[in-house]
Amino acid sequence: MTQSLVCSETVSRVSSVLHRDTRQFGKKHLFDQDEETCWNSDQGSSQWVTLDFPQRIHVTQLQIQFQGGFSCRQGRLEGSQGTEALNLIAHFYPEDGNSLQTFSVPAAEVDRLKVTFEDTTDFFGRVVIYHLRVLGEKACEG
């Protein structure tokens, strides 16, 4: 059964936060399901989010809701197991809009993901995301 895989034990990191204002624009807003909050990166050429899961997962879809004007033209999803180097899972190509977008990706078993937002639509390289969901299944232990 496909489910959202980000949980309270998932450790997330982001490339930057606008004006370092984590209270208003921090990474926690990616996963809080609140329509009024968002992660807002600072300016820069490439923005990213990493997710370290408490157990191995099978990722099959990525869902992202950008703010129009602050998205990207191309994204990259990478993953790894344990201390392995990240490997490319898929490229994805978002539309510059406000709706929740779903990207199917080749099934991959990982415990770490990195989502990189390349070729941003904002002149300064900022990205604004209201929702980030990783969908799939928890891998069976043992």
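**Strand pairing, positive phi and free cysteines**

At a relative accessibility of 45%, glutamine 33 counts as partly exposed. This value, like the others here, comes from a predicted model. Glutamine 33 belongs to the loop that lies between α1 and β3, the latter spanning residues 39-40. Its backbone is worth a look: phi is positive, about 60 degrees, although the residue is not a glycine. Most residues other than glycine have a negative phi.

Arginine 20 also has a positive phi, near 55 degrees, and is likewise a residue other than glycine. Arginine 20 is found in the loop between β2 and α1, where α1 covers residues 22-25. With a relative accessible area of 75%, arginine 20 is exposed, because the cut-off for that class is over 50%. Glutamine 33, at 45%, falls in the partly exposed class because that class runs between 20% and 50%.

The strand pairing can be followed from β4, which spans residues 47-66. Strand β2, residues 11-14, runs antiparallel to β4, and four bridges join the two. One point of contact in this pair is valine 11, whose bridge partner in β4 is aspartate 52.

Strand β4 is also joined to β7, residues 100-120, by 14 bridges, again in an antiparallel arrangement. Here isoleucine 57 stands opposite valine 110 of β7. A further antiparallel partner of β4 is β8, residues 128-138, with nine bridges between them. In that pair, leucine 62 stands opposite valine 134 of β8. When tracing side chains along these strands, recall that in a regular strand the side chains alternate between the two faces of the sheet.

That leaves the cysteines. How many disulfides does the model contain? The count is zero. Cysteine 38 is in no disulfide, and the nearest cysteine sulfur to its own, that of cysteine 72, is 15 Å away. Why is cysteine 72 not bonded to cysteine 38? The sulfur of cysteine 72 has its closest cysteine sulfur in cysteine 38, and at 15 Å this is too far for a bond, because a disulfide requires two cysteine sulfur atoms within 2.5 Å.

Are these two cysteines buried or exposed? Cysteine 38 has a relative accessibility of 8% and counts as buried. Cysteine 72, at 1%, counts as buried too. Both are placed in that class because it takes in residues under 20%.

Definitions and conventions
Residues are numbered from 1 along each chain as its sequence is written. This is a predicted model: local features need pLDDT of at least 70, side-chain atom pairs count only at pLDDT 80 or more; totals for chains, interfaces and linings use all residues. Side-chain values use heavy atoms; hydrogens and water are left out. Two strands pair if DSSP finds at least two bridges between them. Buried means under 20% relative accessible area, exposed over 50%, partly exposed in between (1.4 Å probe, protein chains only).
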